[in-house]
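Please look over the sequence and the structure before reading on. The paragraphs below go through them step by step.

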Amino acid sequence: MEEKINQIKLNLKSDLDNVNKLQDIVDLKAKYIGKSGCITELMKNMKDYSQEERKSIGQLVNNLKNEVTDLIVNKEEVINNNLLNEKLEKESIDISLPATEIVVGSPNILERVIEDFESVFMSMGYDVVDGPELEEDRFNFELLGLPKGHPARDAQDTFYVKDDELLLRSHTSPVQARTMLSKEGKEPVRIICPGKAYRRDDDDATHSHQFTQIEGLIVDKNIKLSDLKGTVSIICKKLFGDDTVTRFRPSYYQFTEPSVEMDISCFNCKGKGCNICKNTGWITIGGAGVVHYNVLKGCGYDPKIWSGFAFGFGAERCAMLKYGINDIRTFYNTDLRETKPFDRREDN
Ligand code: DAH
């Protein structure tokens, strides 16, 4: 046996001297320690020996296997290192080549404006809430003072989905009713709800059948129109610049009384008149008002105790003004080549 073992060691030595590629290592493993390798064969023959002999011979064969495996693995490492060194020597890096441009995306501008609104309102203690886009007629119209057959419904050309009960919300105001109705203890409310709304408008540069509103509602005790004015003017200064002046014009909505249209001084010409403000010095950014008595009542808030204000900003309008975009369809464009110019616009 010892002779056999020595012979195997000698063979391996000369085999190892002739190895120079990885395939040779694979072959060597098969030849010595593989399933039908010579060492495996020795182990299989173990049964021909007596119990006594098996012990010492087994030990010898095991040692041989370990020794052979180590030698082959070491050689494999040497070959791998050689291959790596060869590769490194051959390859060279031309550091004068221009780098590949890394394309980095940036948030959609409309999304940025919505986030700005959210963060300013959150800093004033408002919660950001969500509401369904597939809405019930009750929330979208009835609880807001627009019963079936009311002529003002026509102004919000609505997509009805099922009979005249289920629709795509035509504004984000239904979230007001939903929020108030959900407050069982009739506690104060302070929310904004940015979201999509839908109307059967023809799509052109300033209209889209889908658009984004930022709804707001506050209900508490002693809330007055002047609180609305104060809040809106702080928000607009934060969003459009410290020198922004806010103006309210009388308006009419069924769910607020009194109702107003919110204008800000043109941030481009500072009120002097330019093409952005159509030479008026003012830009309309949304509607608002003091929550109507009947809306509070319909949503379970006693109007003798509670009062509130509500507002709705047009998000696309604000974004178009802020970033000088003149086509609303820009926001919904998915062609990266066309949206690229807007990626790098700095916030101002
Ligand atoms: N929902 C109105 C619209 O779509 C905007 C609006 C006006 C919302 C007055 C309000 C509000 O909450 O008080 O034109």
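Is R138 buried, exposed or partly exposed? With a relative accessible area of 40%, R138 is partly exposed, because that class covers values between 20% and 50%. This value, like every other one here, comes from a predicted model. The side chain of R138 meets that of E136 in a salt bridge, with 3.7 Å from N to O. E136 counts as partly exposed as well, at 34% relative accessibility.

Next in the sequence comes D137, whose side chain forms a salt bridge with R153 at 2.9 Å, N to O. D137 belongs to helix α6 (residues 137–140), while R153 sits in the loop between α6 and β3, so this pair ties together parts that are 16 residues apart in sequence. Here the partners are covered: D137 has 0% relative accessibility and counts as buried, and R153, at 10%, counts as buried too. The pair also belongs to one network, in which salt bridges that share partners join D137, E142, K148, R153 and E165.

How many salt bridges does the structure hold? There are 17. One of them is between the side chains of K31 and D15, at 2.8 Å from N to O. K31 lies in helix α2 (residues 22–32) and D15 in helix α1 (residues 2–17), so the contact ties together parts that are 16 residues apart in sequence. The two ends of this bridge fall into separate classes of accessibility: K31 is partly exposed, with a relative accessible area of 43%, whereas D15 counts as buried at 19%. The value for D15 places it among buried residues because the cut-off is under 20%.

The division of the chain comes next. Domain 1 covers 2–90 and domain 2 covers 109–343. Taken over C-alpha atoms, the centres of domain 1 and domain 2 are 80 Å apart.

Which residues gather in a patch of negative charge on the surface? They are D154, D157, D201, D202, D203 and D204. Of these, D202 can be placed in the loop between β5 (189–198) and β6 (210–220). D202 counts as exposed, since its relative accessibility is 66% and exposed means over 50%.

Some features of the backbone remain. Most residues other than glycine have a negative phi, and most peptide bonds are trans. Against that background, D163 is worth a look: its phi is near 45°, a positive value in a residue other than glycine. D163 is located in the loop between β3 (159–162) and β4 (166–168). Its relative accessible area is 65%, so D163 is exposed.

K278 also has a positive phi, about 50°, although it is not a glycine. Where does K278 lie? The residue is in the loop between β8 and β9 (282–291). K278 is exposed, with a relative accessible area of 69%.

The last feature concerns a peptide bond. The bond from E257 to P258 is cis, and its omega is near -5°. P258 has its place in strand β8, which runs over residues 256–265.

Methods
Residues numbered from 1 in each chain as written. Predicted model: local features only at pLDDT ≥ 70, side-chain atom pairs only at ≥ 80, totals over all residues. Heavy atoms only, no water. Patch = residues over 30% accessible without salt bridge, like charges linked within 9 Å, V, L, I, M, F, W, Y side chains within 5 Å. Areas by Shrake-Rupley, 256 points an atom, 1.4 Å probe, with all protein chains shown as cover. Salt bridge = Lys/Arg side-chain N within 4 Å of Asp/Glu carboxyl O. Lys, Arg positive; Asp, Glu negative; His and termini not counted. Charge placed at Lys NZ, Arg CZ, Asp CG, Glu CD. Helix = DSSP H or I, 4+ residues; strand = E, 2+ residues; numbered from the N terminus. Buried < 20%, exposed > 50% of the residue type's maximum accessible area, 1.4 Å probe, protein only. Domains from an automatic or database assignment.
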